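Open the model in your viewer and keep the selection panel handy. The stops below go one selection at a time.

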Amino acid sequence: MRAHQIVVGADGTAESEAALLWAAAEAAEARGRLVIVHAWGGHLGHRAPYAPYSPHADLAFEQECAAAALDRAAAFVRDRHPGVPVEPRLAQGRPESVLPQHAQGADLLVLGSAARRDDGGLGAVVRSCLSGPPCPVVVVPATDLSAPRTLAELARAR
């Protein structure tokens, strides 16, 4: 029997941390494993127009920074949920392409909402991942950490 697999995107933001915590709690409840994916842009031709500019043109430096961010995300989860198996994955490419690829065959893809607009609209990565999801998707807002933390709690809250 295959273990329950939850894929979560990590980019170091507060929204990402909320998604990591939610996904880790769900993995703990399901006795599954958590796959943490950090996408990094590589060279400028692959950089999303909304991605911050890096003055470093050195791909090795960019990859090193991305690996450090992924390590921080994995440590963040392991500190709070030490019993959850964590598999960090560093992936070169745009998050809207990389995340669905890594979620193929997963039970769940968890994303943090990067919505910053007053209308509550979703960010570009979330919208892209929702347009053709490879599995069920949960979008976790960073602003409401008191919300139900697992799928079972969500079902009970209805």
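**Stop 1: helix H2**

This is a predicted model. Select H2 and color its exposed residues: Glu64, Asp71, Arg72 and Asp79 lie on the other side of the helix from its buried residues.

Now pick the buried set. Select Glu62, Ala66, Ala69, Leu70, Ala73, Ala74, Phe76 and Val77. These cover an arc of only 155° around the axis, which puts them on the same side of H2. An α-helix has 3.6 residues a turn, so residues three or four places apart point the same way.

Next, check the length. H2 runs over residues 59–80, and its end C-alpha atoms are 32 Å apart. Why does that agree with expectation? At 1.5 Å a residue, the 22 residues should span 32 Å.

**Stop 2: what H2 packs against**

Show helix H1 (14–30), strand E2 (33–40) and strand E3 (86–92). The buried residues of H2 pack against these three elements.

**Stop 3: the nonpolar cores**

Which residues have the most contacts inside the largest nonpolar core? Select Val8, Leu20, Leu34, Ile36 and Val110. The core has 24 residues. E1 (5–9), H1, E2, H2, E4 (108–112) and E5 (137–140) each supply at least two of them. H1 gives the most, with eight residues.

Zoom in on Leu20. Beyond its neighbours within four places in sequence, Leu20 is in contact with Val8, Ala10, Leu34, Ile36, Ala73, Phe76 and Val77.

Last selection: another core lies apart from this one. That second core has 15 residues, including Val35, Ala39, Ala91 and Val125.

Note on methods
Residues are numbered from 1 along each chain as its sequence is written. This is a predicted model: local features need pLDDT of at least 70, side-chain atom pairs count only at pLDDT 80 or more; totals for chains, interfaces and linings use all residues. Side-chain values use heavy atoms; hydrogens and water are left out. Helices (H or I, at least four residues) and strands (E, at least two) are DSSP runs, numbered from the N terminus. The expected span of a helix is 1.5 Å times one less than its number of residues. Buried means under 20% relative accessible area, exposed over 50%, partly exposed in between (1.4 Å probe, protein chains only). The arc is that of the directions from the helix axis to the C-beta atoms. Contact means heavy atoms within 4.5 Å. A nonpolar core is a set of buried Ala, Val, Leu, Ile, Met, Phe, Trp, Tyr and Cys residues joined through side-chain atoms within 4.5 Å.
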